[in-house]
Each structure stands twice: as structure tokens, then as C-alpha cells.
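Colleague: Please take a close look at one part of this model for me. I would like the salt bridges, and where their partners sit.

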Amino acid sequence: VVGAEPGRQGPVVKGAPFSADLVTETTQALADGNHIHQTSTSRLYRDAEGRTRREQSLNGLGVLAPNANLPPVVFINDPVAHVNYALSPSARTATRSVGGRGFSWNGAAGEPAQKQDAAAGSGRRMRNAQAQSDGQSLKTESLGHQTIEGVPAEGTRTTVTIAAGQLGNEQPIQIVTETWYAADLQMAILSMRSDPRSGETVTRYANISRTEPPHALFEVPADYKVTDSSGRGARTVTK
């Protein structure tokens, strides 16, 4: 069903190993007063060389309805060997693709805070200019520092205001995103987004451990059937 790790490709992060649960909660309010609340959890690992492992059910990827009770899948990204694996533990199979790079796990949680001052300033100016051309206003403010799950983090709140009439809306619409960035781990560990059009989404890391995960987590078990995936099609290989 899937042959590569989900998420946006990003830089490889070395020297910051960890393991944690990634919890995403969405809440949508309906016009009749009803609410839809959904929660998905995946298990994440990263070693000191930047290898990553993600364990989750296909339900969490939105393949079918959340209550479909699908089996779990595992995604391994090895930027050292330049290879990705998609594992099916229930079938004892793996799909391998060459050219593995690092993946960002914060796509659903909002953009990670920019730590380079020059780049951040340039990015804010570009976003402000784009927002103004789209009939929007953009405001960014610092929320200071706090410790989350034992990890120091820096908070930023971004508010995008869509002017009345821009989308046929009678009143201005405000979209608020609050992001807490952990410099030690080089990623956002908590993000909250509120959009009156789609509801609220909270993405957070829980049960964070800073110890080096076992190396075996980033390898395909010896009894798995491995299939190579390439532009020329798939073929089975012997481990």
C-alpha cells in the first residue's frame, strides 16, 4: 500500500538521538453543535547518525476510516546507507527504495521555528508580502521558553488574519498556530493550530527518551522478504 515513509523530506539530524510517541489530536465543531474528535499515535526513533524509524497503523495515515483496525506498518529511513524501507510486520515483508534522505515529522504540526536569524527575518518578510497580496495579515510573536516533556523549548505564535470578504466571509477569519521548538532535538515537539474552517489540531511528542535506540530498530529482520522498488518496477531480492 505504501512504499516510502510519509512526510516531507528534510535535513538529516545527527547527534540528537531520541525515542518518543507522536500524538495527533483533531477536533472539529459542526454547525449543529456536534463535535468530531480523532486521535492517532505513532512511535518514533532516531539514532545519533540520523537514522529514523516510525511505527504506526495505516489508520493513522488516513488510508481508510479511523476505526478500520488496520495492521501496523514500519518506516525506516537510513541516510547513511541512502535507503528507505517500508515494513509490514504482519506479512513479514519489506519494500526497499534507494536514495534515502532525512524526513521531517513536523509537517502536520506546522513549520519548525527558524533558528538562523537572517533566514528567519527573510522568511517572515516573504510571508508577510505574500499574505498582504492574498488579502491577509500575518503576526508573529514570541511565547518565551518552557520545558516540555523534560526538554527545553522556545515558543512562537503565528496569527494569520483573512480580511472580511476575501473568501466571501462576513467577518475576518483568524488562523492561529502555536509552535514549541526544541533546539536540542532540532524539531518542534508541540504544535497547536486553530482554524475556524477546519477545527483544532494538536500535535505533540510524549514519553520522550534521549537515550540511543538499539541499532536493530533501523534494520530489516533477517526473516523478512525484501522487494526492491525502482523506476523499472519491483523485484524480490535475497537478504
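**Salt bridges and their surroundings**

Modeller: Asp 228 is buried, at 12% relative accessibility. This is a predicted model, and the values here are computed from it. The side chain of Asp 228 meets that of Arg 96 in a salt bridge, 2.6 Å from N to O. The pair links distant parts of the chain. Arg 96 belongs to strand 7 (residues 93-98). Asp 228 belongs to strand 14 (residues 225-230). They are 132 residues apart. Arg 96 counts as partly exposed, because its relative accessibility is 24% and the buried class ends at 20%.

Next, Arg 43 and Asp 21. They form a salt bridge, with the closest N and O atoms 3.1 Å apart. Arg 43 lies in strand 3 (residues 35-46) and Asp 21 in strand 2, so the bridge ties together parts 22 residues apart in sequence. Asp 21 is buried at 18% relative accessibility. Arg 43 is partly exposed at 22%. The two values fall on either side of the 20% cut-off.

Asn 207 touches both partners. Leaving aside neighbours within four places in sequence, its contacts are Ser 19, Ala 20, Asp 21, Arg 43 and Glu 149. Asn 207 is found in strand 13. Its C-alpha atom is 6.1 Å from that of Asp 21, though the two are 186 residues apart along the chain.

Strands 2 and 13 also share a core. The largest nonpolar core has 15 residues. Phe 18, Leu 185, Ile 189 and Tyr 205 have the most contacts inside it. Strand 2 (18-29) and strand 13 (199-209) are among the strands that each supply at least two of its residues. Strand 12 (187-195) is another.

A third pair is Asp 195 with Arg 197. Their side chains meet in a salt bridge at 2.8 Å, N to O. Asp 195 is buried, with a relative accessible area of 4%. Arg 197 is partly exposed, at 47%.

There is also a network: Asp 47, Arg 51 and Asp 78 are linked by salt bridges. The full count is eleven salt bridges.

Now the confidence. The chain averages a pLDDT of 80, and 72% of the residues score at least 70. Residues 102-126 fall below 50, yet this stretch has 45 contacts in the model beyond near neighbours in sequence. Residues 232-239 are also below 50, with 17 such contacts. Where pLDDT is low, the predicted coordinates should not be read in detail.

Key
Residues are numbered from 1 along each chain as its sequence is written. Side-chain values use heavy atoms; hydrogens and water are left out. pLDDT is the predictor's confidence in each residue, from 0 to 100. Contact means heavy atoms within 4.5 Å. A nonpolar core is a set of buried Ala, Val, Leu, Ile, Met, Phe, Trp, Tyr and Cys residues joined through side-chain atoms within 4.5 Å. Buried means under 20% relative accessible area, exposed over 50%, partly exposed in between (1.4 Å probe, protein chains only). Helices (H or I, at least four residues) and strands (E, at least two) are DSSP runs, numbered from the N terminus. A salt bridge is a side-chain nitrogen of Lys or Arg within 4 Å of a carboxyl oxygen of Asp or Glu.
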